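Trainee: Could we go through this model together, setting each label against the value or cut-off behind it?

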Amino acid sequence: LKVIITSLLLAFVAAASAQNKCNVTLVYESLCPFCIKFVNGQFIPAFKAITSAHMIANVVAFGNAYVQADGTVKCQHGPAECYGNKVINCAQSMYAVDKTLPFTGCLSEHYNPARDLKPCAEKFGMDATKIKACADGSKGEELLKAAGDRTPPHNYTPWVIFNGVHSDQINGEAQSNLKALCCKNLSPKPAGCN
């Protein structure tokens, strides 16, 4: 399965390069303070500037969680983080990234995904009732485990994969200026890079 996923990821990256797009995948945890800082301080502003015409943005909401022997998922920052990750995965299954990326930042910003689901969903024109039903049900757990299957081996979060590659240097560049990292890899440069 990992070989198939890797092959698909490489094909996806090749297609993105051919379309003059940068591909940014973030291994994320909904209550990780460093993840939240990256999403709100770098990822969302870069995505808004460069737009989906030139950036493929992916958030894999699982992070340092793991599946326990009894089949349940345990998250690094506790049950509230698992719930936030479920909410993000459910939203991603229903809406495009132009809504789910800013929703992710909003949902995590105040460290209370259960409370912030409704106002954040409404802010971005999303159906909070449907997202909540998904997160509270078996579909939310299924999507969370699927995110775990898509989560590559990693040493920390946020873990940034840029155009199919992760390194500490790329991660550092992305965290200090994701827009610049993306723009230096685009040719011709879109207007958002100016």
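Mentor: Let us begin with the interior, keeping in mind that this is a predicted model. The largest nonpolar core has 46 residues, and those touching the most other members are Tyr28, Phe43, Met55, Phe103, Ile131 and Leu178. Helix α2 (residues 33–50) supplies the largest share of this core, with 9 residues, while a second, separate core of 8 residues includes Val60, Phe62, Cys75 and Cys82.

Trainee: What makes tyrosine 111 count as partly exposed?

Mentor: Its relative accessibility is 42%, and since buried means under 20% and exposed over 50%, partly exposed is the class in between; tyrosine 111 therefore counts as partly exposed. This residue is placed in the loop between α4 and α5, and its phi is near 60 degrees, a positive value in a residue other than glycine.

Trainee: How do you know that the buried residues of α6 line one face of the helix?

Mentor: In α6 (residues 128–136) the buried residues are Ala128, Ile131, Cys134 and Ala135. Seen down the axis of α6, they fall within an arc of 130 degrees, so they line one face. The face turned away from that buried side carries the exposed residues Thr129, Lys130 and Ala133, and what covers the buried residues includes α3 (79–94), α4 (97–109), α5 (113–123) and α7 (138–150).

Trainee: Why is the peptide bond from threonine 157 to proline 158 called cis?

Mentor: The peptide bond from threonine 157 to proline 158 is cis, with omega near 0 degrees, and proline 158 is found in the loop between α7 and β5 (159–162). The bond from serine 187 to proline 188 is also cis, with omega near 0 degrees.

Terms used: Residues numbered from 1 in each chain as written. Predicted model: local features only at pLDDT ≥ 70, side-chain atom pairs only at ≥ 80, totals over all residues. Heavy atoms only, no water. Buried < 20%, exposed > 50% of the residue type's maximum accessible area, 1.4 Å probe, protein only. Helix = DSSP H or I, 4+ residues; strand = E, 2+ residues; numbered from the N terminus. Arc of directions from axis to C-beta. Contact = heavy atoms within 4.5 Å. Core = buried A, V, L, I, M, F, W, Y, C linked by side-chain atoms within 4.5 Å.
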